[in-house]
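User: I have a model open and would love to talk it through with you. Could we go over it question by question?

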Amino acid sequence: MAAAAGTAPPALWRCFARRAAAMKGDPQRPEERPEPPPPPLLSSSAPGEPPVWIFGYGSLVWRPGFEFTSRKVGFIRGYSRRFWQGDTFHRGSERTPGRVVTLLEDRGACTWGVAYKVCGEQIAASLQYLNMREAVLGGYDTKLVKFHPQDKDVEEPILALVYIATPQNPSYLGPASEEDIAAQIIVSSGCAGHNIEYLLRLADFMRYFCPQAEDKHLFSIEEALISILPCLCCTEESLEETASVPQKANG
């Protein structure tokens, strides 16, 4: 898929420049690290009502959008994260669908993310919100999985709700090369922002909050995007220079 120039806003070009410089140097430098997630929002719980845990592995890791009591970084087993789901609302449009992540059953693999604990009145509100964001607009189904927290104070895994987009949903795009996925991400933008932001924020989460984990698929797409963007910058500059040169009349 060919990437078109002039699709990313200036702020994302600046973000790209910082990213490229960080990857050439030390990615763990404090000034390159993203700000930590905001503190949890607290709410009262109904007496005797068990809490619900919700596992996020895409945009939910940095933008849950619902009130929660606490969060834990960790992983689930038996799944790989893939940019195989199309998005025509949050990070793309009907004309240029974006690429967002879903989970693929993969024995022996694990996917890192964040589990949010919701209690009492938070439960109905969060599930209603996520049903619209993930199911109605995103094409995801729900499933219960065993979540393993990163911290060592929890001996047993936690049963958590997760949203997974299967090949049966109409927005499913399926596999593609890292280069093609990166090219599609570059030209896609939706109501929640540019698709590039989605990719970079997810890569940042993995790099700084799960440094011991590997996600070759994610980081290969990031590398492909970084290799493509300088070409687009040069193309944009050439087009701007051409447009500014007065054209001679024929004849």
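Analyst: Happily! One term before we start: pLDDT is the predictor's confidence in each residue, on a scale from 0 to 100. You will want it here, since this is a predicted model.

User: For residues 235-245, how many contacts beyond four places in sequence does the model have?

Analyst: A contact here means heavy atoms within 4.5 Å. Over residues 235-245 the pLDDT stays under 50. Where pLDDT is low, the predicted coordinates should not be read in detail. With that caution, the number of contacts beyond four places in sequence for this stretch is six.

User: Which element of the protein chain has the highest confidence?

Analyst: The protein chain averages a pLDDT of 82, and 73% of its residues score at least 70. At the low end is helix H1 (residues 10-24), with a mean of 53. At the other end, with a mean of 98, is S1.

User: In what order do the strands of the closed barrel run?

Analyst: The protein chain has seven strands alongside five helices. The closed barrel is built of five strands, and their pairing is mixed. From one strand to the next, the twist averages 45°. The order is S1-S3-S2-S4-S5.

User: Which residue in S5 is the bridge partner of Ile54?

Analyst: Strand S1 covers residues 52-56 and strand S5 covers residues 158-164. These two run parallel and are joined by two bridges. Within S5, the partner of Ile54 is Leu161.

User: At about what angle to S3 does helix H3 run?

Analyst: Helix H3 (residues 178-186) lies across strand S2 (70-87) and strand S3 (98-118). Helix H4 (residues 195-209) also packs on the sheet, touching S2 and S3, and its direction makes about 80° with that of S3. For H3, the angle to S3 is about 40°.

User: Is Cys191 buried or exposed?

Analyst: Cys191 sits in the loop between strand S6 (189-190) and strand S7 (193-194). A residue counts as exposed when its relative accessible area is over 50%. Cys191 has a value of 62%, so it is exposed.

User: How far apart in space are Cys191 and His90, C-alpha to C-alpha?

Analyst: Leaving aside residues up to four places away in sequence, Cys191 touches Phe89 and His90. In sequence, Cys191 and His90 are 101 residues apart. In space, their C-alpha separation is 4.9 Å.

Terms used. Residues numbered from 1 in each chain as written. Predicted model: local features only at pLDDT ≥ 70, side-chain atom pairs only at ≥ 80, totals over all residues. Heavy atoms only, no water. Pairing = 2+ DSSP bridges. Helix = DSSP H or I, 4+ residues; strand = E, 2+ residues; numbered from the N terminus. Axes fitted to C-alpha atoms, helices over the stretch in contact; angles between N-to-C directions. Buried < 20%, exposed > 50% of the residue type's maximum accessible area, 1.4 Å probe, protein only.
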